Every structure is written in structure tokens, then in C-alpha cells.
Amino acid sequence: MTTDIEEKIVVLVNGIPASGKSTLTRALAEQFGFPVLTLDSLKEPFMASFAPVDRLRNRQLGCAAYQAIWQVVAQAPTRCIYVIDAWFGFQPKEVLQQGLQQAGVTRVLELWLAITPDEAVTRYQARLTDRMPGHPGAEYLPELRKLAETAQPMALGPVLQLNARNPDQAAACAWLQRQLRLPISAQPALSASG
């Protein structure tokens with residue numbers, strides 16, 4: 001789906017680990033038909049190939065995947081809108097700004113999943129056995145708790161904040177529809193309960 005305006009737009013689905021980015025990203029992609037890029041989907045095949053992966057290598061692969069995202073966006077047609085799922089705060093904001101500039105992005109929309117420290121720790125702990133080896137384990141929980149206390153959106157354009165406990169997917173879709181000035185026929189069909 002494209003807009004009538006010759007802009008290169010990205011939709012950042014942002015939040016700390018375990019905030020529900022992937023679930024929201026899937027809902028947006030299904031609703032609008034936008035292509036998706038996720039940090040983990042680019043990083044994890046390399047984690048599998050280079051196993052075992054320690055925390056340092058995980059971070060290096062994350063940084064490389066981050067750069068790959070902007071190279072893919074740079075090669076896309078101007079009117080292609082990507083939904084990008086990542087915790088954008090894992091690097092300085094300036095790195096994001098450089099990536100956006102190199103990719104030729106002219107407009108940034110951000111969906112921020114706000115989560116409490118307790119909820120973040122509970123969710124992360126619950127999925128420890130489901131994560132690919134190489135992702136931080138239980139030793140990361142105290143760091144995640146501190147991160148949840150201070151994490152903020154990147155705010156390089158309009159931001160919609162959602163409660164990670166129960167994100168309103170219909171509201172997110174309606175907000176994006178308005179921001180992108182899409183025709184009424186593209187209006188979200190999700191129910192208010194998400």
C-alpha cells in the first residue's frame with residue numbers, strides 16, 4: 001500500500017524487549033499490507049550459524065542487523081512504507097538518525113509500547129525457554145527492570161503511546177490511517193477490543 005505523496009515513510013514499532021512489538025507489528029502488517037523488517041528476523045539466522053553466541057556477539061549481530069535494515073529501506077521505492085520492529089534505544093539516538101538519513105527516510109511515525117518494570121520482567125522471564133540461544137537469559141532481568149524505568153520513544157516524528165499490557169490495535173491502525181492520509185477504504189476493520 002502506498003500514499004499519494006512522494007515520501008519515504010517508516011513506521012517504527014518501538015519498545016524495550018518483551019513489550020509486545022512483534023504482536024503489534026503483525027497486526028499492522030496484516031491490516032495495511034506493509035512490508036515488515038524486524039531486528040530479530042535479520043539477526044537470528046546469523047546467531048544460528050555462528051552458535052554459540054555470547055552477549056557481546058549478540059550485540060554485534062544486532063548492530064549489523066540494524067545497519068542492514070537501513071540498507072534495505074534505502075533500496076526500496078520512495079513510496080514503500082516499511083514497518084520496523086526493534087528496540088531502537090539499544091543504540092544512541094544519533095545512530096537511528098544517521099540510518100534514517102542514509103536510507104532517505106523523509107517521515108518517521110512511531111508506535112511506542114510503554115511497559116512497567118514488573119510487567120517487562122514477568123514477560124521476559126516467561127519467554128526465556130522460547131528464545132533462541134544467544135539472547136540474554138535470566139541474568140538480563142535486573143538490567144531490563146532498570147531499562148523499563150527510563151526507556152523513552154525516539155520521538156523523531158509523531159508518536160502514539162500504547163499500553164503494552166493491552167495495546168489497542170484498532171486505535172493504532174486508526175492512528176496510522178490518519179497519519180498516512182490513506183483513503184477511507186483502507187480504514188482499519190479491527191474491532192475496538194483489538
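Which residues lie nearest the centre of the largest pocket? In this predicted model, they are Pro17, Asp40, Lys43, Trp87 and Arg131, and they belong to a lining of 28 residues. A good way to become acquainted with the structure is to begin with its sheet, move on to the helices, and then return to this pocket.

The sheet is open and has five strands, arranged in the order β2-β3-β1-β4-β5 with parallel pairing. The edges are taken by β2, residues 36–38, and β5, residues 159–163; each has a single partner strand, so one side of each is left without a neighbour in the sheet. On average, and ignoring direction, neighbouring strands are turned by 20° against each other. One pairing can be followed in some detail: β1, covering residues 9–14, and β3, covering residues 82–86, run in the parallel sense and are joined over five bridges. Along this pair, asparagine 14 stands opposite alanine 86 in β3.

Two helices can be placed against the strands. Helix α1, formed by residues 21–32, lies across β1, β2, β3, β4 and β5, and runs at about 170° to β3. Helix α7, formed by residues 169–180, lies across β1, β4 and β5, with an angle of about 165° to β4.

With these elements in view, the largest pocket is easier to locate. The space within this pocket comes to about 690 Å³. At least two lining residues are supplied by each of α1, α2 (39–49), α3 (55–75), β3 and α6 (141–150). Helix α3 gives the most, with four residues. In character the lining is mixed, with ten nonpolar, nine polar and nine charged residues.

Among the residues nearest the pocket centre, proline 17 deserves a closer look. This proline is found in the loop that leads from β1 to α1. Is proline 17 buried or exposed? Its relative accessible area is 16%, and because values under 20% count as buried, proline 17 is buried. Beyond its neighbours within four places in sequence, proline 17 is in contact with Trp87, Tyr124, Arg127, Tyr140, Leu144 and Leu147. One of these partners, Trp87, is also listed with proline 17 among the residues nearest the centre of the pocket. The fold also brings together parts of the chain that are separated in sequence: proline 17 and alanine 120 are 103 residues apart along the chain, yet their C-alpha atoms are separated by 7.5 Å.

Note on methods:
Residues are numbered from 1 along each chain as its sequence is written. This is a predicted model: local features need pLDDT of at least 70, side-chain atom pairs count only at pLDDT 80 or more; totals for chains, interfaces and linings use all residues. Side-chain values use heavy atoms; hydrogens and water are left out. Two strands pair if DSSP finds at least two bridges between them. Axes are lines fitted to C-alpha atoms, for helices over the stretch in contact, and angles run from 0 to 180 degrees between N-to-C directions. Contact means heavy atoms within 4.5 Å. On a 1 Å grid over the protein atoms alone, a cavity is a set of points where a 1.4 Å probe fits but cannot get out, and a pocket is an open set with protein on both sides within 12 Å along at least five of seven lines; lining residues have an atom within 4 Å of a point. Grid points are joined across faces, edges and corners, and a volume is the space filled by probe spheres set on the points. Ala, Val, Leu, Ile, Met, Phe, Trp, Tyr, Cys and Pro count as nonpolar, Asp, Glu, Lys and Arg as charged, and the others, Gly among them, as polar. Buried means under 20% relative accessible area, exposed over 50%, partly exposed in between (1.4 Å probe, protein chains only).
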